[in-house]
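Trainee: I am new to this structure and would like a close look at a single part of it. Please take the loop residue with the unusual backbone angle ahead of the small open sheets, and set it in its surroundings.

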Amino acid sequence: MLQKNKIIIWLGRISLVLCIIAIFAALSIYLGFRASLPILTGEIRTVAIDEKVMVERDHQGNATITANNRSDLAYATGYIHAQDRFFQMDLSRRLASGELAELFGSVALSADKSNRIHRFRARARLGFKNLADDEKKVLNSYAAGVNEGLDALDSKPFEYWLLGAEPKVWSVEDSFLAIYSMYFTLQSPDGGYEWQNHLLRRSLHPELADFLLQNKTEWDAPLQKNETPYIVPKIPDASVIQQGLTIALKHDDSPMLGSNNWAVSGALTETGAGMLSNDMHLTIRAPSIWYKLRLKLADDSLDITGVSLPGAPAIVVGSNGFVAWGFTNTNIDTSDIIELRINPDNENEYLTQNGYRDFAIFDEIISTSDGSKEVLPVKETIWGPVIEKSDSNYYAYRWVAHMPDGANWSLMNMENMKSVDEVLSHAGDMGIPAQNAVIVDARGNIAWTIFGKLPRRRDGDYGQVLDWSDGTYEWNEWYTSAEYPKVVNPENNRLWTANNRVVSGVDLSKVGINRYDLGARAKQIKGRLMALGAPVQEKDLYDIMLDNEAVFLSRWQQQLVSVLNASGDDAFGSYLKEVENWGGYADKNSIGYRLVKEYRNKVFDRLMGHLTAACVVYDKSCDYDSATRQWEAPLWQLVTNEPDGWLPDNINSWQFFFEKMAFEAWQPAGTGVIALDDYRWGERNTSQIAHPLSRAIPFLGLLTDMPVVEQSGDTEHMPYITGRTKGQSERIVVSPGHEENGIMNLPAGQSGHPLSPYYGAGHNDWQEGNMSPFLPEETKWKLEFSPVK
């Protein structure tokens, strides 16, 4: 008995010691986490600035920086970017430069190899060399701020402890890499749209390819009226289809990486100033991609507010008191795939109009986290790097991003623009991925143009994969700002873009055709704007961003009701009731909306999979959904006309096909995996906004990730874009000169540190659609920087 008591006593002592060790371990981890929190108050003395700088943060961490010169503003911007977001900045530059494996090891090697062929770090060095002296000074000051902000932390950001890595110093070229990372996000690094069209036209009957790859639809809502009206094409004879082949497609149901923007002129506002709305649709993580920032010069010569991109010293979109601007991705043609002719006697030479020429070879060294290195030889031509495709031919890739001024810092000139006309005169200077820029000014003017370089091509169809070796096809120069497409002060006093085709005629020939979004979203926005009467208030434009009426899907709902009524199958009874009472909105509680949405997707997957199966047999990488966003036009034509011979699997009845698609689309509910009463749209459309490391590191998400929430809205075809990990990365409504009335929402907050007092601040307002002020609010924390002479 005594021996047993001793054992119990010792077990108790051991348990106590283990508990103490666990407490100390937890305390050490907690203190380690806290050590990398940003400095919010006090005074910082530095040799990197010329005069005093003040950083004021409100309760959500939104910062206002006041300085006496632009370079000191850049220093403080870099400092707070680094303290709040250095790990995210690091990921951005590493993505663009192909250096992720240094952090994540061999798991990132494939991505690094794909990205390294663009040699963006070398191009960034050249880009910095070509800058004007004042721009170099700003970038140098920003980099100094980043590095001093990082060094001032009591510990490296927590992510580096988790990865067992050390953060690397920020260089001036890294800010260029932040721009290049957005090129990867907003454009194709390998000409995917052009290649998919190439495969479809190579493998399908020409009449079938033309029918499936329509460039105009009834949903179009361009700002420039079509020079030729849309005419519904004739459905080809079924003999053009290669029968006996069926491969199910999988429609990409995530939101298109794009955006919405629109504006009304001063003729419609109380103040007489133009009014802008912008919501950019991107991948959303914790923290947000954007960083809300107000930059002020003490002499009042500059006061600009908007969103910045950590890694860069510029305001990306916002208002300077005189002009405001917002972006959507243009989806214009900014790249070309070139088929190379290799010397049959020397595989290291390719043909140009001046004869055969050697490939330039660059040995790119890729390092991994374990210290190993791998050499990647990158071949380049006079047109761009050699890229691999799914066949045995050689191709080069000509891309605006590869050009010496494809990335630059002309966007910072927006800080000092005073009018729409002045902005238009600088549109061609911008070195960013081509954006639909909607601009408004304090005098009531509004305009649309493109920010970003537009290649001046020789005549020809650059939508095809072509051989450029004889000099027929080429581009080396840009259009000037004066030649840029533009729409200024339209008679209806309204502008809108939503990644759709905006221009027609001559301007369309300049910008080309790429993977424009279907015009349904733009058309709905246009309709909402036209319905607004004067005076338009900021809330009126904000409400359009949250518009989730299912205008586009309404005809599919009617078609589905007709199918279910005609079926005579009692098994469809409960489904029919939900579809009939769907509500007409992408409401998170609607069962009928989900049924309609999934039915349409299934019809597309099976029918278009059948029609394009020959392309997949020709090349397994063929993907019709990646070749066009206009496929609703041929799909709806087939659904409504029900032509003979077009159905898969030897099905002869369109009614039977539609019923079969409904059964397959609703299989989870039909088989009892989920009860029909729980088959809500929100159950599928849930937000999953997470830290980049949370899925790889157990329990980290409990600290870092935003709450999982059922969402209204949809991934496509309506203004209110929501998805699991993509959606409205910001919402802005602002009228220049009246910023105090403006609105701004950002998801996931300013800080990247889960123990920050403002981590995730503002997220609930974004999630719930509550309007937050455009300007930072009352100061809660004040940090002063003083120069050391």
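Mentor: Before that part, here is one loop that comes earlier in the chain. P287 is found in the loop that runs between strand 5 (275-283) and strand 6 (291-297). The peptide bond joining A286 and P287 is cis, with omega at about 5 degrees. Most peptide bonds are trans, and most residues other than glycine have a negative phi.

This is a predicted model, and the frame around the part you asked about is as follows. The protein has 25 helices and 27 strands. A compact globule of 789 residues would have a radius of gyration near 28 Å, and the protein agrees with this because its own value is 28 Å. Along the principal axes, the C-alpha atoms fill a box of roughly 90 × 80 × 70 Å. Of the 789 residues, 61% count as buried. If one takes the contacts between residues at least 6 apart in sequence, 73% of them join residues at least 24 apart. The exposed area is about 31200 Å², and carbon and sulfur atoms supply 51% of that area.

Now to the residue itself. N331 is found in the loop between strand 9 (323-329) and strand 10. N331 is not a glycine, yet its phi is positive, at about 60 degrees. Its relative accessibility is 11%, and the cut-off for buried is under 20%, so N331 counts as buried.

The loop that holds N331 is followed by strand 10. Strand 10 belongs to an open sheet of three strands, in the order 10-17-16, with antiparallel pairing. Strand 10 (335-339) and strand 16 (386-387) are the edges of this sheet; each has a single partner strand, so one side of each has no neighbour in the sheet. The partner of strand 10 is strand 17 (residues 395-399), and the two pair in the antiparallel sense over five bridges. Within this pairing, D336 stands opposite R398 of strand 17.

A second open sheet also has three strands, and its order is 11-12-13, again with antiparallel pairing. Here strand 11 (342-343) and strand 13 (355-358) stand at the edges, and because each has a single partner strand, one side of each is left without a neighbour in the sheet. Strand 11 pairs with strand 12 (residues 346-352) in the antiparallel sense, over two bridges. The bridge partner of I342 in strand 12 is Y350.

Another asparagine can be set beside N331. N489 lies in the loop between strand 22 (486-488) and strand 23 (494-497). N489 is not a glycine either, and its phi is positive, at about 45 degrees. With a relative accessibility of 37%, N489 counts as partly exposed, whereas N331 counts as buried at 11%.

One more loop has a cis peptide bond. A534 and P535 are joined by a cis bond with omega at about 0 degrees, and P535 lies in the loop between helix 13 (520-531) and helix 14 (538-545).

Technical notes. Residues numbered from 1 in each chain as written. Predicted model: local features only at pLDDT ≥ 70, side-chain atom pairs only at ≥ 80, totals over all residues. Heavy atoms only, no water. Helix = DSSP H or I, 4+ residues; strand = E, 2+ residues; numbered from the N terminus. Rg over C-alpha atoms; globule rule 2.2 N^0.38 Å. Buried < 20%, exposed > 50% of the residue type's maximum accessible area, 1.4 Å probe, protein only. Contact = heavy atoms within 4.5 Å. Areas by Shrake-Rupley, 256 points an atom, 1.4 Å probe, with all protein chains shown as cover. Pairing = 2+ DSSP bridges.
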